[in-house]
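Good morning, and thank you for coming. I would like to begin with the relation between the chains and then turn to one sheet and the helices beside it.

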Protein chains: 2
Amino acid sequence: MSLIVQKYGGTSVGNPERIKNVARRVAEWHRKGDRLVVVVSAMSGVTDSLIKLAKEIMAEPTERELDMLLATGEQTTTALTAMALQAAGIPAISLTGAQAGIVTEGIHTKARIANITPKRVREYLNQGKVVIVAGFQGQNEEGSITTLGRGASDLTAIAMAAALKADLCQIYTDVDGVYTADPRIVTDARKIEEISYDEMLEMASLGSKVMQARSVEVAKKFKVIFEVRSSFNENPGTICKEETKNMEHVVVRGVSLEKNQAKITVVGVPDQPGVAAKIFTTLAEAQVNIDMIVQNVSEQGTTDITFTLNKDDLARARRAMDPVVKAVGARELRSQDGISKLSVVGIGMRSHSGVAAKLFQALSDARINIQMISTSEIKISVTVEEANGPDAARVVHQAFGLEK
Amino acid sequence: MSLIVQKYGGTSVGNPERIKNVARRVAEWHRKGDRLVVVVSAMSGVTDSLIKLAKEIMAEPTERELDMLLATGEQTTTALTAMALQAAGIPAISLTGAQAGIVTEGIHTKARIANITPKRVREYLNQGKVVIVAGFQGQNEEGSITTLGRGASDLTAIAMAAALKADLCQIYTDVDGVYTADPRIVTDARKIEEISYDEMLEMASLGSKVMQARSVEVAKKFKVIFEVRSSFNENPGTICKEETKNMEHVVVRGVSLEKNQAKITVVGVPDQPGVAAKIFTTLAEAQVNIDMIVQNVSEQGTTDITFTLNKDDLARARRAMDPVVKAVGARELRSQDGISKLSVVGIGMRSHSGVAAKLFQALSDARINIQMISTSEIKISVTVEEANGPDAARVVHQAFGLEK
């Protein structure tokens, strides 16, 4: 008899039929004798509709009130899910984030979980009930409803599993698990059975957006073993846990491709302290999210700084940068969109050399030009022309033998 | 500088434009220097949609979960109303019923307000904020969300006004106030300026469903003066308060007509103790709401009992009654639908005789047959053929000079 925390995302609870389907799945686990806490998201589309409604009232809705509004989305799903279980003969009870004892700190719409006191969750579990908890939300010290940011129902599940010392946390979603590459691009991509937190983090922060990086970080911190799996079939998913010796035998765990990228190069930047800080402070103030940053060694007192960003932010970034280029005495600003970022991720890289060489060779053999290169301890990323992205993913996937 | 509790019903906050309109009205009061608590209902149609959604999951939704679900309706409106005020430059904050300190007792979906501890409401008022409170809801001792039954946002407003010792409670709705008769039927019906709690109660329990009787009872108990007025114009409404000597000069305050009634007569009931109890216990168990009950003096050991009910309940009531008629040894069951109930209400009746005579004479002059008669201290009701209802209302309205 295990204590399991399950999380079902917006697509899995997207309409009454799907909610009943979730109830059937939960009922099966319950009948096996497991104790269950089920975290649910808002039905897909609901959060966006609520934001749209808010914007009809106020162009930039205030954050406390937006939280008050958005929290109704998950509350609705909890009640419906509890009803669906009860209709199936399973005792169940719904709780808001606040009722489940989730206390947050920090600002509205992006609150952090400060602590969880799952007193009521435990009481209801002890009464033999399946406890349905609203994801994505909590309440702050003042007693106001807060939300944790987009995709944070995963975080609720992971944190609740940590607080309850659950045996397992299952993240049910609309994909089967984490794959060695996007199966729509690389047809022989394989589902990964086990992945380490660090690999998952790198995959999460890349194109493979199965899960939010923040949720993986919390799982890592509290050593919560979780499984990413589909709510639409019975296939086992991908288990994410602390790395084991065994995991290192695999040099590259997966290949990730991120489209819709752009890059900006500041050419002829005077090579002196404070210039980079000035550039990136300006971008942060303009709320431009920067991904890769590359600066090569300087020659003759000037250097070039290149960074990548989402192409939707390109115009805003250029506007923000124009005065800075003059102010720091750089020569010019060049930008390009239509690029993709390809990364290989694997903790095995730490103990295996030659990964970069093999990556570059594979791309070279396919006559794909590499624009930028950036590396971390367990990841190597390159940017390529967007048109070359899918081919690049396929040849790299094959070069590392990931289809086997 | 007054402390005012305002309540806006579902129609008044039915869409974003209307919510902005409410905000404009509230803003005006705020600028005059008044301190404001604004109780809002769910946007019109929302509660019904949620019930429909619940029924897609579970034919008879469990009450605790239904409360969890329905409470999102008012929570949504509070957030949107607070945003609309903020957009108009007025500091505002929203609170759920639970956050506003509304503690309930009794069963889910029909909870009663046990007490209100409006600590946070007071704090925010002291900060100069307009406080938006979700109507219709609270939380019970266990910390679960409860709702107070249909139309109970009025109750929230009245109870909040009592707890805060507010100077005035305004119930904004889609009608101008309480009229001497339904203006759609009696074209020269007048708006009543002042009405006593008891008269309002009788009007509320009849066809003039401006407000729920329960809310009026609470207002009476705590001596909360309230005004019923329109959120769509600036007209003063009807003030409801304790009766004054002055009020008694008006013998009849208004005429009320209730359509869609039916009556059942149990003929030849043995005149012995316990029979009436058996009949009405059976009906209560079948969840049939009974209105008038008339039993005349008995002759020869048997009597007839007639009662009225909503015509939608007639078939169910007959099914429930059939075995009882045999069990108590009554002769037969007769029923008729297509009847209306006409009532005249006024605290002046207590000190004026001849009201019944004038009522019967007016109907007689118009050749309208009276079926049943029932009286209370401040009300006389008769039933007539539904086809005669509108004419009956007009002649009675005129007979008592209510158009003046």
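In this predicted model, a turn of 180° with a shift of 0.0 Å along the axis lays chain A on chain B with an RMSD of 0.1 Å, the superposition being by least squares on the C-alpha atoms of residues with pLDDT of at least 70 in both copies. That is the relation of a two-fold axis. Which residue of chain A comes closest to the rotation axis? It is A:T72, with its C-alpha at 2.6 Å.

A word on conventions. Residues are numbered from 1 along each chain as its sequence is written, and chains are lettered from A, with ligands numbered from 1, in the order in which they are written. As the model is predicted, local features need pLDDT of at least 70 and side-chain atom pairs count only at pLDDT 80 or more, while totals for chains, interfaces and linings use all residues.

Now to the sheet. Chain A has an open sheet of four strands in the order 5-4-7-8, with mixed pairing; strands are DSSP runs of E of at least two residues, helices runs of H or I of at least four, both numbered from the N terminus, and two strands pair if DSSP finds at least two bridges between them. Strand 5 (112-116) and strand 8 (145-147) of chain A each have a single partner strand, so one side of each is left without a neighbour in the sheet.

Strand 4 (residues 102-105) of chain A runs antiparallel to strand 5 of chain A, joined by four bridges. Within this pair, A:E105 stands opposite A:R112.
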